[in-house]
Amino acid sequence: MTTFKALRVEQSEQGFSNALLDRNTDDLPPGDVLIRVLWSSLNYKDALSASGNKGVTRNFPHTPGIDAAGIVEEASDGPWSKGDKVIVTGYDLGMNTDGGYGEYIRVPSEWLVRCPLGMTLRDSMIYGTAGLTAALCVSSLIDAGLPDDGEVLVTGASGGVGSVAVALLAQLGYHVVAVTGKPDAQEWLKTLGAAECISREALLEGASRQMLKPRWNGVVDTVGGEPLAAGIKALNYGASAACCGMVASADIPINVFPFILRGVNLLGVDSVELPVEFKQQMWDLLATDWNLHALPTLLTAEVPVSELPDYFPKILKSEMRGRVLVNVSAE
Ligand code: NDP
């Protein structure tokens, strides 16, 4: 049995609070593999879990952290051995299974991805779930026939998923138009490779019409709601929008006309329950052909677990940009 530190979220009559507490490995849920976590990251969903959102985490006390990268300590099943470098993202990690904001996790062996050769555990968590999701969005657009030319729209561009999508599409040679609600993020988005930045208001201007002038060869949407509807209504004939998020709204105010008159496609993207072999393929791609040169620019903060409570309200209020890396083994 090993004692370790974890960020625990607790519920009381006053609401939800969190504190860095001592735990021991016997407190962890059952599972095949015990992992010493070195790195994690901050995602929108982590902030929801940490602030008591029951749609993400039903039972408290709880350790959030939907991402973890570390080293196998004990493995009772599957292909894993002590010392393996592994990545765990999604499934139930950090939702109702103690997550990556603790120095140890215990999880089913089927949740593990091998950290690819050529990628460090630290870099894997700069990508994190946000980066994996962005890569899946881009991959789904390419699989659906995204042409090399023309413009690709990215919404929520300064956020975790959006900023990785901007950098990846730009590196792959696409002409990226980034939508952001933060005027002061536009220059930063251009350093990531955005060819053009537009405001949320500009995207939505006149966008309540049933169809808009066709413009986009592809859309990566991380926000849902009106921005997604505006993106779909302005897709070129036969083009696709990849949809993964709902920070603006879970509803899409749209009718069938773009689908039945322009043959456009709406592609759903899920990085949480995705079968692990597809996750492994995507991580391998991020370590090789899609290895992002802009990774240091995407990293906007590196923090110990003890500082995370300062960041939860910021990401929920859309005051963050890029990716926050969590150094789980730092004091
Ligand atoms: P972030 O908070 O990092 O980014 C979200 C961005 O959306 C913000 O930075 C902001 O960017 C923009 N935004 C915020 N509020 C609004 C609004 N009201 N209207 C329009 N745009 C807004 O979150 P993540 O990138 O981590 O996640 C984005 C979404 O994707 C979340 O809903 C998350 O739950 C979902 N997600 C889904 C996954 C899946 O598997 N399907 C996996 C990972 C995330 P800006 O200011 O630049 O406009």
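Lys182 reaches the ligand with its side chain: one of its polar atoms lies 2.9 Å from a ligand oxygen atom. This is a predicted model, and the distances here are computed from it.

Backbone atoms also take part. At Ser271, a backbone N or O atom lies 2.7 Å from an oxygen atom of the ligand. At Cys244, a backbone N or O atom lies 3.0 Å from a ligand nitrogen atom. How much of the ligand does the protein cover? On its own, the ligand has 920 Å² of accessible area, and the protein covers 86% of that.

Now widen the view to the surroundings. The ligand is surrounded by 27 residues. The closest are Ser158, Gly160, Val161, Thr180 and Ser271. Ser271 thus appears both in this closest group and with a backbone contact to a ligand oxygen.

Thr180 leads into the fold, as strand β9 spans residues 175-180. Strand β9 runs parallel to β10, residues 196-199, and four bridges join the two. Within this pairing, Ala178 has Cys197 of β10 as its bridge partner. How does the chain get from β9 to β10? The path goes through helix α4, residues 186-192. The resulting β-α-β crossover is right-handed.

Last, turn to the surface. Val256, Phe257, Ile260 and Leu261 make a nonpolar patch there, with an area of about 380 Å². Val256 sits in the loop between β12 (235-243) and α7 (257-262). Phe257, Ile260 and Leu261, the other members of the patch, fall within the residue range of α7. The patch thus brings together a loop residue and helix residues.

Terms used. Residues numbered from 1 in each chain as written. Predicted model: local features only at pLDDT ≥ 70, side-chain atom pairs only at ≥ 80, totals over all residues. Heavy atoms only, no water. Patch = residues over 30% accessible without salt bridge, like charges linked within 9 Å, V, L, I, M, F, W, Y side chains within 5 Å. Areas by Shrake-Rupley, 256 points an atom, 1.4 Å probe, with all protein chains shown as cover. Salt bridge = Lys/Arg side-chain N within 4 Å of Asp/Glu carboxyl O. Pairing = 2+ DSSP bridges. Right-handed = clockwise from strand over helix to strand, strands pointing away. Near = heavy atom within 4 Å. Polar contact = N/O pair within 3.5 Å; in protein donor to acceptor, adjacent residues only side chain to side chain.
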